Structure formats: C-alpha cells, structure tokens
Amino acid sequence: MGRWDGSDERRGGGKQSIEPPLAQGRFISANAMKEKMSSPHPDQNIDHVRFYRAPDDNRTIAIYIGGHFSAFDRFPPFMETEDEIRHVQEAYKVADPTLERTTKAHVTDNGWPLQIIMLERQKGAITLPHYHVPNEPLPPLPTRHQILMCQSGRARVGIFTRQGVSLGDVFLEPNDLLLMAEGHEVEFLEPRTRLIEIKQGPFPGTDADDKVDIAQVTQ
C-alpha cells in the first residue's frame, strides 16, 4: 500500500485501495479528517485509478485518474433517498435520474477542499443554471491540495509525503488527471507538454511563500 511504480497506469491491474464515501453535509474536524485519511481500507481493483498511501499511517497522498476512466459505479453520487433522486430529476433534466449512479462519480472524499467529479451523460442532458455555495468551513489541513491535468504531451510526477518519502511516479498523458495532497515533483518529458494546474487559493505573495521544498525537510 502507498507505493506504485507507474508501470501499469493504463491497464489498471493490481489491487488498489478505495476510500468509502464520507457522510454528506457534515463538517469534518481536524481529528476526524486525519482519521479518515489514515484509516485502513480493503484492496479492490479499479481500472485507471490509483490511490497513493503514506507508509506510516496509510493517509492518501495523491489520486491518479487515467483518461480512460470508466469506474463510475465505484464512486456513486448522492442517490440514497427519494428526495435526492427527485432533486436530480428536476435539476439535471436527465431521462432517468438513477443513471447518475453509473454516469457520475464522486472520486474524492466529500470533506476534501478540492473535489473531483467525473461526468459522462448522454447527448441532450442539461444541468440547469446554478452556482455553488461554501456552506461549511474548510477542514484545517496542513497543505493546500492541487490538481494537474495533462492537455498535451507527457509528464512524470513524483509523489512524496511531507516527510520526503517517495511513493513512486505517475506518468501523465493527455486527459489524465492527478490530485496531490502533499509533496510532488514534475518533469516535462516531451516538447510542448501542457499541464493545467488547479489549486486552492488565495495565492501567497511570492513563490517562496507558496511552498516548502522537500530537500529542506529531509536535510
């Protein structure tokens, strides 16, 4: 657990860990979040998804999602009550709201500050105009999470814990996505490789204020 050498990121072979969904609509305290990110989980196979775990407490360090992701049924959205199903029917204008279980995936824990949701709907499906509200405070985590998406070319991303432990490499190709919760390094492998980076704000005043170099931690 927590180590993967990147040799099979396209096939999705081998056993992987899945985090069970967190309860919706509930603020997660610092202790509860730490327990959630470090609790043991059963191994399961997931095509084109990799969870990177820290060796000391099994907390999630990074989540890789390949461009051929199709495991929607492994990460079901809010579809537990009749009210939730009725809301989807009214707000999304889909033919069958229960299809959300196989066309929408909530890959990240609901308490995380950055959320990854995969959508694959039929032509004509519409999400009605809306906006999102911060109705709960963010959990007090020691790092800011960020996402890398590969738009073109190829890149290698090394995954590290905050303590400098290497957990292996991810090789990103077009349409691949990686969420990083702790340390990482990025190497561009092909000309005109383009990565889109999304992370929590606000951005500090300088680049030095924005990050902690792993080399400083391990000295």
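# Notebook: helix H2, two sheets and a salt-bridge network

I began with helix H2, residues 82–92, and looked up which of its residues are covered; the buried ones are Ile-85, Val-88 and Tyr-92. Viewed down the axis of H2, these buried residues fall within an arc of 65 degrees, so I note that they line one face of the helix. I should record early that I am working from a predicted model.

Next I asked what covers the buried residues of H2. Helix H3 (100–103) and strand E5 (104–106) are included in that cover. I then turned to the other side of H2, where Glu-82, Asp-83 and Glu-90 are exposed. A general reminder for this entry is that an α-helix has 3.6 residues a turn, so residues three or four places apart point the same way.

**Still on H2: a pair and a histidine**

I looked for a salt bridge within the helix and found that Asp-83 forms one with Arg-86, with 2.6 Å between the closest N and O atoms. Both residues lie in helix H2, 3 residues apart, which is about one turn of the helix. I checked the accessibility of each partner: Asp-83 is exposed, with a relative accessible area of 54%, while Arg-86, at 42% relative accessibility, counts as partly exposed.

His-87 is also found in helix H2, and I noted that this residue is partly exposed, at a relative accessible area of 47%. From His-87 to Pro-97 I count 10 residues in sequence, and the C-alpha to C-alpha distance is 8.8 Å.

**The sheet of 5 strands**

I then traced an open sheet of 5 strands, whose order is E3-E4-E10-E7-E12 and whose pairing is antiparallel. Its edge strands are E3 (49–53) and E12 (194–199), each of which pairs on one side only. From one strand to the next, the twist averages 15 degrees.

Within this sheet I followed strand E4 in more detail. How many of the residues of E4 are buried? The strand is mostly covered, with 6 of its 6 residues buried. On one side I followed its pairing with E3, which is antiparallel and runs over 5 bridges; here Arg-53 stands opposite Thr-60 in E4. E3 and E4 form a hairpin with 6 residues between them, and I noted that Asn-58 in the turn has a positive phi of about 70 degrees.

I also followed the pairing of E4 (residues 60–65) with strand E10 (residues 177–180), which is antiparallel over 4 bridges. I looked up two of the facing residues: Ile-65 stands opposite Leu-177 in E10, and Ala-62 has Met-180 in E10 as its bridge partner.

**The sheet of 3 strands**

I moved on to an open sheet of 3 strands in the order E9-E8-E11, again with antiparallel pairing. The edge strands here are E9 (166–172) and E11 (183–188), each pairing on one side only. Neighbouring strands of this sheet are turned by 20 degrees against each other on average, direction ignored.

For the pairing of strand E8 (residues 155–160) with E11, I found 6 bridges, with the two strands running antiparallel. Phe-160 stands opposite Gly-183 in E11.

**Salt bridges among the loops**

I looked up the salt bridges of the structure and found that it holds 13. Which residue forms a salt bridge with Glu-182 at 2.6 Å between the closest N and O atoms? The partner is Arg-59. This pair links distant parts of the chain, as Glu-182 lies in the loop between E10 and E11 and Arg-59 in the loop between E3 and E4, 123 residues apart.

I then asked whether these two partners are buried or exposed, and I give the values for each. Glu-182, at 10% relative accessibility, counts as buried, and Arg-59 is buried too, with a relative accessible area of 7%; the cut-off I rely on is that buried means under 20% relative accessible area.

Arg-162 forms a salt bridge with Glu-182 as well, the closest N and O atoms being 3.7 Å apart. This pair also links distant parts of the chain, with Arg-162 in the loop between E8 and E9 and Glu-182 in the loop between E10 and E11, 20 residues apart. At 34% relative accessibility, Arg-162 counts as partly exposed.

As a last entry I recorded the network of salt bridges that links Asp-56, Asp-57, Arg-59, Arg-162 and Glu-182.

Conventions: Residues numbered from 1 in each chain as written. Predicted model: local features only at pLDDT ≥ 70, side-chain atom pairs only at ≥ 80, totals over all residues. Heavy atoms only, no water. Pairing = 2+ DSSP bridges. Axes fitted to C-alpha atoms, helices over the stretch in contact; angles between N-to-C directions. Buried < 20%, exposed > 50% of the residue type's maximum accessible area, 1.4 Å probe, protein only. Arc of directions from axis to C-beta. Contact = heavy atoms within 4.5 Å. Salt bridge = Lys/Arg side-chain N within 4 Å of Asp/Glu carboxyl O.
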